[in-house]
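Colleague: I should like to learn how to read the features of a model such as this one. May we go through them one at a time?

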Amino acid sequence: MKTVLAFDFGASSGRAIKANYDGTKITYKEIHRFENNPIIQDGQVHHDVDMIFCEIKKALDKAGDIDSLAFDTWGVDYALLDGDDNIICPPFHYRDRRTADAIERLKGRMDYNDLYAKSGNQIMNINTLFQLCSDENLSKARSILFMPDLFSFLLSGNKVCEHTIASTSQMLDPNSKSWSREILDAYGISRDIFPPLVPSCTVNGEYNGIKVISVAGHDTQCAVAAMPCTDDNSAFLSCGTWSLIGCELDAPILTKESNALELSNELGANGKINYLKNISGLWLIQETKRHLNSLGNSYSYNDLEQMARTSQPFKYLIDPDSPMLSAHGNLPDKIKLFCESTGQSAPQAVGELVRCIYESLALKYRYALEQISSCTGKEFTCLNLLGGGTKDGFLCELTADSIDMPVKAGPVEATALGNIVLQLVALGELEDVNQGRQIIMSGEEIKEYKPHHSAEWDKAYEIFKSKIVNK
């Protein structure tokens, strides 16, 4: 029997899941959960590392005897450390506005088609590269740690940089799996600040006799490691705060077309390339609920879903990734403004707002899958929907209807299960990711949503493409 502890931290919440593996099946339970709210200092948005570390210690106290632990987190964010390994300032949150103009401001450093060809990442202002070039503390830094590697360091004292989280940075060469000298030199970033790169499933130290393991530090890659259906015609959608939709490939696609379509190549825990598109996700629902509740309402997520179900279909549409909708604060008003700016009336009822978000996400998934198909030549026949979004039946239904193919939803705890499986691989209990996927497939509930496609979806999609997306 092996017992492991998976820390799964998202940009809005964190949890610890304790799991046992008896050589045949994995059993697990959540033992600790906390809200991960950003903090504001001098008008800038940061992560509260001190609070998170306190919650880590609480989870360890609850866990009892365990053989190992590991962290997965959101991508791109980092901490800068000084010569004494102290954090120089609280890590910036990717939604901080200091990088809002970074793509335009830094366009002279390197042609963006060349940058894409050398990194494989969608050009996004939140990427680590642009964050570092906007960070006034960079000149003081002696090392950089991405978020999962930071928490591992705080326990083990060893600094490493795991491949999957590094591949979100826009600085890693996806072919050589090493830092791109051309990129670092072009943007004036010293190679000396980066700790050694390590692959997923690396034991990098101990904490009180517990092995500290680098799994797939990027939560998306942990989720994909738990994907049960992996034939060549399957796509995946890791759905939580963000939606990451894509497929597994043997090699990156680094073409100008791929760059123009804003598709990313990230390293998977199994050595594959996860070719994907970043799309805003359930953060839109979370932020809407947060604002409505701040006004004195007490809506649950189920309340919002039921109001959305009874609202008129396709009355309002948004681009989930519009910059107008990316910042914290009063998202309902931002949605209304977007609708008015694209020639629509403004949604007023809560159900109209929420249905607008759901349908727009489902249409954006269809849009992304068509782009991925055009670049890969793949004809997808099934979508694996992984993570927290699997609990949202309405979103699963609308997604199946929009893309006109079955959606296999599950496992709900895909990210945590991927983390657990990768720890077991590192401990020698499992041979590889594929064996872990077989165990997950046999032990987890996977719910299938069959499409009920209609001409109304096609009509809405044409409007979405011509009048909404990228406007």
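Modeller: Let us begin with the vocabulary. Helices are DSSP runs of H or I with at least four residues, strands are runs of E with at least two, and both are numbered from the N terminus. Please keep in mind that this is a predicted model.

Colleague: How many helices and strands are there in the protein chain?

Modeller: The protein chain holds 17 helices and 21 strands. Its radius of gyration is 21 Å, close to the 23 Å that the globule rule gives for 471 residues, so the chain is as compact as a globular protein of that length. Along the principal axes, the C-alpha atoms fill a box of roughly 60 × 55 × 50 Å.

Colleague: What share of the residues counts as buried?

Modeller: The cut-off for buried is a relative accessible area under 20%. By that criterion, 60% of the 471 residues are buried. As for contacts with a separation of 6 or more, 72% are between residues 24 or more positions apart.

Colleague: How should I read the backbone angles?

Modeller: Most residues other than glycine have a negative phi, and most peptide bonds are trans. With that in mind, consider Asp404, which is not a glycine yet has a positive phi of about 60°. Asp404 belongs to the loop between α14 and β20, and its relative accessible area of 45% makes it partly exposed.

Colleague: Is Val76, which also has a positive phi, buried or exposed?

Modeller: Val76, with a phi of about 70°, is buried, at a relative accessible area of 8%. Its place is the loop between β6 (68–72) and β7 (78–81).

Colleague: Which residues does a cis peptide bond join?

Modeller: The bond joins Gly410 and Pro411, and its omega is about 0°. Pro411 is found in the loop between β20 (407–409) and α15 (414–426).

Colleague: Let us turn to the aromatic rings. What describes a pair of them?

Modeller: Such a pair is described by the distance of the centres and the angle of the planes. A search of the whole structure finds 14 aromatic pairs. One of them is formed by Tyr358 and Phe394, with 5.2 Å centre to centre and 75° between the planes, an edge-to-face arrangement. Tyr358 lies in helix α13 (residues 350–376) and Phe394 in helix α14 (residues 393–403), so the pair ties together parts that are 36 residues apart in sequence. Tyr358 is buried, at 2% relative accessibility, and so is Phe394, at 4%. Another edge-to-face pair is that of Tyr367 and Phe464, at 6.3 Å centre to centre and 80° between the planes. Here the parts linked are helix α13, which holds Tyr367, and helix α17 (residues 455–468), which holds Phe464, 97 residues apart. Tyr367 and Phe464 are both buried.

Colleague: Which residues do ring pairs link into a cluster?

Modeller: The cluster consists of Phe7, Phe9, Phe34, Phe71 and Phe151.

Colleague: Where does the charged end of Arg95 sit?

Modeller: It sits over the ring of Trp283, 3.8 Å from the ring centre. In another such arrangement, Lys289 lies over the face of Tyr301, 4.9 Å from the ring centre.

Colleague: How should I read a single helix, such as α10?

Modeller: One may begin with its length and then consider its surroundings. Helix α10 (residues 283–294) has 12 residues, and the 16 Å from its first C-alpha to its last is close to the 16 Å expected at 1.5 Å a residue. Of its 12 residues, 9 are buried, so α10 is largely enclosed by the rest of the structure. Trp283 and Lys289 are among the buried residues. The cover includes β18 (273–280), α11 (301–309), α12 (331–341) and α13. Just after α10, Gly296 has a positive phi of about 105°.

Colleague: Finally, with which residues is Leu383 in contact, leaving aside its neighbours within four places in sequence?

Modeller: Leu383 lies in strand β19 (residues 382–386) and is buried, at 0% relative accessibility. Its contacts beyond those neighbours are with Ala235, Phe236, Leu237, Ile245, Thr399, Ile403, Met405, Pro406, Val407 and Lys408. The C-alpha atoms of Leu383 and Ser234 are 5.8 Å apart, although 149 residues separate the two along the chain.

How values were computed:
Residues numbered from 1 in each chain as written. Predicted model: local features only at pLDDT ≥ 70, side-chain atom pairs only at ≥ 80, totals over all residues. Heavy atoms only, no water. Phe/Tyr/Trp six-rings, centres within 6.5 Å; stacked < 30°, edge-to-face > 60°. Buried < 20%, exposed > 50% of the residue type's maximum accessible area, 1.4 Å probe, protein only. Lys NZ or Arg CZ within 6 Å of the ring centre and 35° of its normal. Expected span 1.5 Å × (residues − 1). Contact = heavy atoms within 4.5 Å. Rg over C-alpha atoms; globule rule 2.2 N^0.38 Å.
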